[in-house]
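Please open the structure in your viewer, with the sequence panel beside it, and keep a selection tool at hand. The tour moves from one selection to the next.

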Amino acid sequence: MNNNFTTNLNLYHIFYQTALAGNISLAAKQLYISQPAVSKAIAKLEDNLNTTLFYRNSRGVKLTSEGTVLLEQLHHAFSAISHAEEELHKIHELGIGQITIGVSATLCKYVLLPHLQQYILDNPHVKVSIACQSTTETIRGLSDGTLDIGLIGESAWLHDLSFLPIMEIQDSFVTTSRYLDNLCVRLGISDAALYTFTDIPARSRIWQDATFLMLNRENISRSYIDSCLQQSQIQLSQILETSTMDLLIEFAKIDMGIACVIENFVVKELTEHSLIRLPLPIDIPSRKIGLAWKNRTSPVDQFISAITSSME
């Protein structure tokens with residue numbers, strides 16, 4: 001805001017109060033300035049606008065037609081300022097705000113939702129928007145400013161983003177005992193050979209004959225698993241791809257194949273033995289998921305604090 005604008009705003013304020021008071025002396029008292037200062041300010045404003053705003057008489061001042069026009073417009077302007085101040089006060093008093101979160105459908109269901117309710121309870125006047133999308137899209141949204149914060153897996157593509165790990169996840173291959181029994185029959189191997197992988201020819205046949213349930217290739221988790229498989233010189237022959245991990249889990253439970261899932265999200269199924277872990281001979285290091293952001297705003301700070309506190 002330049003000095004000329006500030007000066008003019010002060011002049012308009014003095015004019016506005018004088019017009020409402022109808023008297024320079026009364027306006028001076030209300031403004032806590034001297035009467036000559038009010039007269040000088042009005043004269044300067046009239047000079048700036050090249051017009052007469054008041055008729056002066058012994059009883060006070062009266063608006064000219066030009067002064068009436070200016071008063072009407074200033075009434076809207078100062079009312080808008082007053083309304084804005086009230087809204088800002090309300091925002092600070094109630095904690096009103098908004099935050100937009102980018103997260104995959106899987107992380108939204110298994111990580112975000114269990115902790116989101118407490119955040120909403122603690123911040124009832126914050127509008128929460130959730131964009132369920134791929135990690136790649138979330139990183140892009142954080143970089144271009146369309147998202148405030150993201151819940152994603154740690155990635156080498158974060159570039160200018162900050163990342164706070166909040167939990168470790170472990171990828172595993174799971175299936176049903178029925179599928180394994182049938183697989184053993186087809187391969188002509190024993191259960192022991194399947195679980196210990198001491199039979200190298202049988203082990204190779206598993207990669208070729210079993211149906212593996214995987215996320216789409218565009219998914220970050222799928223890219224990670226493909227990299228692990230490649231490092232172990234393993235190539236899958238039969239792959240059924242889906243777009244969500246929920247479908248992988250459900251497909252595995254109806255004996256469709258061996259699903260590559262995040263083990264943290266199938267604890268219930270593993271405990272109930274509706275799914276079993278298949279100890280395939282492949283090294284899959286654990287990964288970190290966390291919160292990513294570009295600008296550390298107040299809503300972002302509140303969200304980070306709420307989520308990390310609820311996970312302690």
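What follows is a walk through the chain as a whole, then its two sheets, and then its cavity and pockets.

**Before selecting anything**

This is a predicted model, in which local features need pLDDT of at least 70 and side-chain atom pairs count only at pLDDT 80 or more, while totals for chains, interfaces and linings use all residues. Residues are numbered from 1 along each chain as its sequence is written, and side-chain values use heavy atoms, with hydrogens and water left out.

**The whole chain**

Colour the protein chain by secondary structure, and 13 helices and twelve strands appear; helices (H or I, at least four residues) and strands (E, at least two) are DSSP runs, numbered from the N terminus. Of the 312 residues of the chain, 39% count as buried, where buried means under 20% relative accessible area, exposed means over 50%, and partly exposed lies in between (1.4 Å probe, protein chains only). Among contacts between residues at least 6 apart in sequence, 70% join residues at least 24 apart, a contact being heavy atoms within 4.5 Å.

**The sheet that holds β12**

Select next the five strands that form an open sheet in the order β4-β3-β5-β12-β6, with mixed pairing; two strands pair if DSSP finds at least two bridges between them. Because β4 (126-132) and β6 (162-169) stand at the edges with a single partner strand each, one side of each is left without a neighbour in the sheet. From one strand to the next, the twist averages 20 degrees; axes are lines fitted to C-alpha atoms, for helices over the stretch in contact, and angles run from 0 to 180 degrees between N-to-C directions.

Now zoom in on β6 and strand β12 (residues 287-293), which pair in the antiparallel sense over seven bridges, and pick out F163, whose bridge partner in β12 is A292. Add helix α6 (residues 135-144), which packs on this sheet and touches β3 (97-103), β5 (149-153) and β12, its direction making about 145 degrees with that of β5.

**The sheet that holds β8**

Clear the selection and choose the open sheet of five strands in the order β9-β8-β10-β7-β11, where the pairing is again described as mixed. Its edge strands are β9 and β11 (276-277), each of which pairs on one side only.

Strand β8 deserves a selection of its own: is it mostly covered or mostly open? It is mostly covered, as five of its five residues are buried. In a regular strand the side chains alternate between the two faces of the sheet. Here T211, L213 and L215 point one way from β8, whereas F212 and M214 point the other way.

Five bridges join β8 to strand β9 (residues 238-242), and these two run parallel; β8 and β10 also run parallel, joined by two bridges. Click on F212, which stands opposite I239 in β9 and has I258 as its bridge partner in β10.

Then show two helices with this sheet: α7 (residues 177-187) lies across β7 (171-175), β8, β10 and β11 at about 75 degrees to β7, and α11 (residues 245-253) lies across β7, β8, β9 and β10 at about 140 degrees to β10.

**The cavity**

On a 1 Å grid over the protein atoms alone, a cavity is a set of points where a 1.4 Å probe fits but cannot get out, and a pocket is an open set with protein on both sides within 12 Å along at least five of seven lines; lining residues have an atom within 4 Å of a point. How much space lies in the largest cavity? The figure is about 60 Å³, a volume being the space filled by probe spheres set on the points, with grid points joined across faces, edges and corners. Select D171, M214, L215, S221, R222, I225, M245, C260, V261 and I262 to see its lining, to which β8 (211-215), α10 (220-231) and β10 (258-262) each give two or more residues.

**The pockets**

Move to the largest pocket, which holds about 400 Å³ of space and is lined by 25 residues, of which S104, T135, L215, N219 and I220 lie nearest its centre. The largest share of this lining, three residues, comes from α5.

Finish at the second largest pocket, with a volume of about 180 Å³, by selecting lining residues that include W157, Y224 and R287. Here the largest share, three residues, comes from α10.
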